Amino acid sequence: MQIPELENIKHVVNGDYIVIPIETGYIKPNDNLDCIIEPARELMKDGDYLVIAETPISVSQNRLVDEAKYSPSLTAKFLTVVWSKYLWGYVLGPALGIKKRTIKNLRKLPKETEAHKEVVLQLYGLKHALKPASEAGIDLSNAPGTFVSLLPENPERVACEIRDEIGKDVCVMIIDTDATYMRNGKYFTGLPIAIEGIDADNGFFGYLKGQLSENMGSTPLGCSESMDVETGLEIANIAEDYQKSLSTEMKTIHSVKEVLGSEIDEVTIEDLDSITHTPAVIIRKIPVSQK
């Protein structure tokens, strides 16, 4: 489908929506978000959605933790080796039908994961540390060296501030790729935060229940306006679909070497800045007249 008004602007069509990527360099700690806001202000129309990944927000807020400074406790070692690598990698994971990629990654967890588990234990508690992977939304793959990024602080407020700076009647949403699930018509996630209507902060227990429920896709963490959960999930998943299509996507620590050519604990800011990042996409409903 040709969209005349976007003839010279990079975009794809996903069902009834147009997706316009915003491409940037690596957003560094304490950077402002002008590299997202300015093109959004130029390209967006009233009624559009701006969907931003959580990691560039949290990095800009300097929500980084150096895992090398944490000494793993016996509990962290047990949760890494016995619980996650072997029990979930070889027994519970296959039995519950979790993704083959996740099982493969669990079976080759590096020793550094012990310090990661200690970070989760100290900052979020056992409820989140019991989750075999992607605990509490902590991102290991888009931060330099031994640093990891936590979830953004107050994503709803950030979304509102970005909308105000854009200055148009648009909706700004911050999302995480970790799943929202549905069971008996109710939505829930293991993540510490989510938009209203999604029961959050369930940690491992949300993840376990989720394996027996319907996976609804990416989780909206914060939004500049109230919306029903179904719409929020639809828009979040359209954004996630685009991210999955990118050759530079670093969804797990095991994909970092493929993209950057560096081991996870050797990645520098220069490495991260050497590739094109797509921290946000604009999503626009296709007018009926153009269908």
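Helices (H or I, at least four residues) and strands (E, at least two) are DSSP runs, numbered from the N terminus. With that in hand, the stretch just after helix H5 can be read: H5 is followed by Gly125, whose phi is positive, near 90°. The model here is a predicted one, so to speak of local features takes a pLDDT of at least 70 and side-chain atom pairs count only at pLDDT 80 or more, while totals for chains, interfaces and linings use all residues. Residues are numbered from 1 along each chain as its sequence is written, and side-chain values use heavy atoms, with hydrogens and water left out.

Back to H5 itself. This helix covers residues 113-124, and at 1.5 Å a residue its 12 residues should span 16 Å; the expected span is 1.5 Å times one less than the number of residues. The end C-alpha atoms of H5 are indeed 16 Å apart, which agrees. Nine of the 12 residues in H5 are buried, where buried means under 20% relative accessible area, exposed means over 50%, and partly exposed is in between (1.4 Å probe, protein chains only). Among the buried ones are Thr113, His116, Lys117 and Leu121. Their cover includes strand E4 (64-66), helix H3 (74-96) and H6.

Helix H6 takes in residues 126-129, and His128 is part of it. His128 has a relative accessible area of 1%, so it counts as buried. Leaving aside neighbours within four places in sequence, His128 is in contact (heavy atoms within 4.5 Å) with Val120, Glu135, Ala136, Gly190, Leu191, Pro192, Asp201, Gly203 and Phe204.

Next come the nonpolar cores. A nonpolar core is a set of buried Ala, Val, Leu, Ile, Met, Phe, Trp, Tyr and Cys residues joined through side-chain atoms within 4.5 Å. In soluble globular proteins, nonpolar side chains tend to be buried together. The largest core in this model has 27 residues, and Ile36, Leu50, Ile52, Ile162 and Ile166 have the most contacts inside it. At least two residues of this core come from each of strand E2 (17-24), helix H1 (34-43), strand E3 (49-53), helix H7 (155-166), strand E6 (171-183) and strand E10 (277-285). H7 gives the largest share, four residues. Apart from this core lies another, of 23 residues, including Val65, Ala76, Ile98 and Ile103. As for Ile166, once neighbours within four places in sequence are set aside, this residue is in contact with Ile37, Ala40, Arg41, Met44, Leu50 and Val172.

Strand E10 is worth following further. Eight of its nine residues are buried. On pairing (two strands pair if DSSP finds at least two bridges between them), E10 runs antiparallel to E2, with seven bridges joining them. Val19 has Ile283 as its bridge partner in E10. E10 also pairs with E3, again in the antiparallel sense, over four bridges, and here Ile52 is partnered by Ala280.

E10 turns up once more among the salt bridges. A salt bridge is a side-chain nitrogen of Lys or Arg within 4 Å of a carboxyl oxygen of Asp or Glu, and the whole structure holds eight of them. In one of these, Arg284 meets Asp48, with the closest N and O atoms 2.8 Å apart. Arg284 lies in E10 and Asp48 in the loop between H1 and E3, so the pair ties together parts that are 236 residues apart in sequence. Both Arg284 and Asp48 are buried. Another salt bridge joins Asp178 to Lys131, at 3.4 Å between the closest N and O atoms. Since Asp178 sits in strand E6 and Lys131 in the loop between H6 and strand E5 (147-149), this pair ties together parts 47 residues apart in sequence. Asp178 and Lys131 are both buried.

Helix H7 has a salt bridge as well, between the side chains of Glu161 and Arg157 (3.6 Å, N to O). These two are four residues apart in H7, so about one helical turn separates them. Glu161 is partly exposed, with a relative accessible area of 41%, and Arg157 is partly exposed at 39%.
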